[in-house]
Number of protein chains: 2
Amino acid sequence: MLCHEVKIPPTPGGGYRITIGTGLLPTVWERMRADFAASTPFVVTDEDVVAAGHLSRLVGANEAACFVIRPSGEKSKTVDTAVAIVETMEKAFLGRDSIVLALGGGTVGDIAGFAAAVFKRGVPVVQIPTTTLAQADSAVGGKTGVDSSVSKNAFGAFWHPAAVYIDVATVKTLDERQYRAGIVESIKHGLIADSSYFELIEANIDAILARDTGALEQIALANCRIKGAVVEADPTERNQRRMLNYGHTIGHAVEAASGYGLLHGEAVAVGIVAAGLIEAEMGLANGDRLGRIRALFERLGVPRAKSGGIRPSELMDLLRHDKKAVHGWPKFVLIEGIGQVYVRNGAYAVDVPPEIVNSVLERL
Amino acid sequence: MLCHEVKIPPTPGGGYRITIGTGLLPTVWERMRADFAASTPFVVTDEDVVAAGHLSRLVGANEAACFVIRPSGEKSKTVDTAVAIVETMEKAFLGRDSIVLALGGGTVGDIAGFAAAVFKRGVPVVQIPTTTLAQADSAVGGKTGVDSSVSKNAFGAFWHPAAVYIDVATVKTLDERQYRAGIVESIKHGLIADSSYFELIEANIDAILARDTGALEQIALANCRIKGAVVEADPTERNQRRMLNYGHTIGHAVEAASGYGLLHGEAVAVGIVAAGLIEAEMGLANGDRLGRIRALFERLGVPRAKSGGIRPSELMDLLRHDKKAVHGWPKFVLIEGIGQVYVRNGAYAVDVPPEIVNSVLERL
């Protein structure tokens, strides 16, 4: 079992512990009861997680109030679902001594975290991620949110978890495509912060694809170390935390343009390739860095280019409406070497002229 | 013009300024533009405030996107209103550089503050209270919330304002009953924290009732000093902040039992009298403290007793479901002298046996 502490000073107790292991899930309930003895647990999960047997593994013979999100996936990530969760908690007479357990992938963590953030001015949330994406990324860092009828993540809060439990065995039940797409966020961590971690993934890609639990524990710990350090330095994304957005600006546009037919990690892979093309235009490329990244994505079996049906002009429009755009155009996170984010005048997200982006999208 | 700084360390910049004056409102827009130059303002108000002319006083000849809550009052304090505000902001293409201006009474501040807290993971809110209640209490302290279909304030967040502007001239347009009820929270501040402030209100009650702006500025400053100090010491109500709940536990029950026919301040006045009766039972009375408080409430023209139609058993039921109840019974804030909260074993809210509360309610 591996442990990592994230120190976010504003949280009660000054931080939270991430516990990583194989076959950890059946022990989480007792661990959580020991650490939060005065709290009444409420589980939020989705129907896929229930079908995979994870809910029974977590709860065992204990009594637990529960909300099962139906259907699973992005479609349910709405403010209506968050309202339904809060009202279910109220009807179960849960109070400010509640603790929400978010068991599932990124969507469950986002919805349950937001519901916990707004229930009676906020109760703690424990994140128990069960996908490669959520274990690498969304369970750590405190971003929560749900969509409105107008746009994605219109509602949200920074709500840091009280604890995170990562059982790498839970990803064994994921379908192959989802499993592989989630690994892209791990590769992103290597690209922005740690070249030896990138090399470790390159060297162990076969073990990772075979879902070897030793390899999975190793990358889970590296992900938490890297993301935890960035989040500690900048919990509410004023500057440095923006580096986690590497590949995401164009990635989000590609994801939306695909009608969410692409998985998030797949779209981010395309976005990382686009960032590599921008870096070449901006004189930040060295050696065949992009070739190496593309080769790793190819081994992983994720796309390296947008589908031909998506027009560059459509992506340019989406970029102009990016939620982080200022005066109608977003800034971009770039790297100048593997493991090394490009920082200009202290800023981790920099200006890139629309013409350069447009020409890159033409070739993507 | 008077100023007071509240230092809540977790907020950006480490605190916020409360500016108090008479006829301040027409200058607030320029002040706000100077202090938050990079932000795009969005005004949330209600139809009563618009009718009183305060919105035009605030905005003047400036262009401003705006959401007007209809109807005014508690009925609109729902999660649906908060969702409508967020979606209006999205449709106006407002981003994370927005700043929400909450212009109105406690309900407007609560709804607008909550919408700001959850819009794209949080944007700043400026509170511009226009009622005696909001100026004395709700605009300072960062509590925000809206009701669900199940209960009051089911959704909420601690979201400290970026600035507060109090124009005491705005209360001149309030109807007499609302005006007087709002003064109860000022009296509460004297009772829990400052006997000389209580005496100042007693001595100046005629000037206060005449809406003398000099007297109103003086009490606005005292309120901000007292509430600000409590909130600084305990921003998320772990213990000390609970003292602000004086008179509110039974007050909330009386307010609910009246079907919200009583105004909040009126119900709190009854709750303060009930607290005085409990103090007598618990051996905490000295002299004719309660008589003095009742006399001041009589001068103010607010109720000192529940209406005969409300049964004690109904209030006992409501107390058992109080949102701060633990194991089905709330704790109570009591005073042992004017300006002196009773603290037992370090706790600012203490156990009172249900039998004592029941006997007090029989006599209330």
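What rotation, and what shift along its axis, superposes chain A on chain B? In this predicted model, a rotation of 179° with 0.0 Å of shift along its axis brings chain A onto chain B, with an RMSD of 0.0 Å. That is the relation of a two-fold axis. The same surface serves both copies, since 93% of the contact residues of chain A recur in chain B.

**Confidence**

The model scores ipTM 0.90 and pTM 0.93. For chain A the mean pLDDT is 93, and 99% of the residues of this chain reach 70 or more.

**The contact between the chains**

Chain A contributes 29 residues to the contact and chain B contributes 28 residues. On the side of chain A that touches chain B, the elements that give two or more residues are α4 (79-91), α5 (106-118), β7 (143-146) and β8 (155-158) of chain A. The largest share of this side, six residues, comes from α4(A). By residue class, the side of chain A that touches chain B divides into 13 nonpolar, seven polar and nine charged residues.

**The sheet of chain A**

Chain A holds an open sheet of seven strands with mixed pairing, in the order β1-β2-β9-β6-β5-β3-β4. Its edge strands are β1 (2-6) and β4 of chain A, each of which pairs on one side only. From one strand to the next, the twist averages 15°. Within the sheet, strand β5 (residues 98-104) of chain A runs parallel to strand β6 (residues 125-129) of chain A, and five bridges join the two. One residue pair illustrates the register: L101(A) has V126(A) as its bridge partner in β6(A).

Two helices that touch strands of this sheet are set side by side below.

| Helix of chain A | Strands of chain A touched or crossed | Direction |
|---|---|---|
| α1 (residues 25-35) | β3 (40-46), β6 and β9 (163-167) | about 165° with β9(A) |
| α10 (residues 213-233) | β1, β2 (16-21) and β9 | about 10° to β1(A) |

Strand β9(A) appears in both rows: α1(A) packs on the sheet and touches β9(A), while α10(A) lies across β9(A) along with β1(A) and β2(A).

**A residue of edge strand β4**

A65(A) is found in strand β4 (residues 65-69) of chain A, which is one of the edge strands. Is A65(A) buried or exposed? A65(A) counts as partly exposed, because 15 other C-beta atoms lie within 10 Å, whereas burial would require 20 or more and exposure 12 or fewer. Leaving aside neighbours within four places in sequence, A65(A) is in contact with F42(A), A92(A) and L94(A). F42(A) falls in the residue range of β3 (40-46), the strand next to β4 in the sheet order. R311(A), by contrast, is 246 residues from A65(A) in sequence and 47 Å from A65(A) in space, C-alpha to C-alpha.

**An enclosed helix**

Helix α11 (residues 248-257) of chain A is largely enclosed by the rest of the structure, because nine of its 10 residues are buried. The buried residues of α11(A) are H248(A), T249(A), I250(A), G251(A), H252(A), A253(A), V254(A), E255(A) and A257(A). These buried residues pack against α12 (264-281) and α14 (312-320) of chain A. Just after α11(A), G259(A) takes a positive phi of about 65°.

How values were computed:
Residues numbered from 1 in each chain as written. Chains lettered and ligands numbered in written order. Predicted model: local features only at pLDDT ≥ 70, side-chain atom pairs only at ≥ 80, totals over all residues. Contact = placed C-beta atoms within 7 Å. Helix = DSSP H or I, 4+ residues; strand = E, 2+ residues; numbered from the N terminus. Nonpolar A, V, L, I, M, F, W, Y, C, P; charged D, E, K, R; others polar. Least-squares fit on C-alpha atoms with pLDDT ≥ 70 in both. pLDDT = per-residue confidence, 0-100. Pairing = 2+ DSSP bridges. Axes fitted to C-alpha atoms, helices over the stretch in contact; angles between N-to-C directions.
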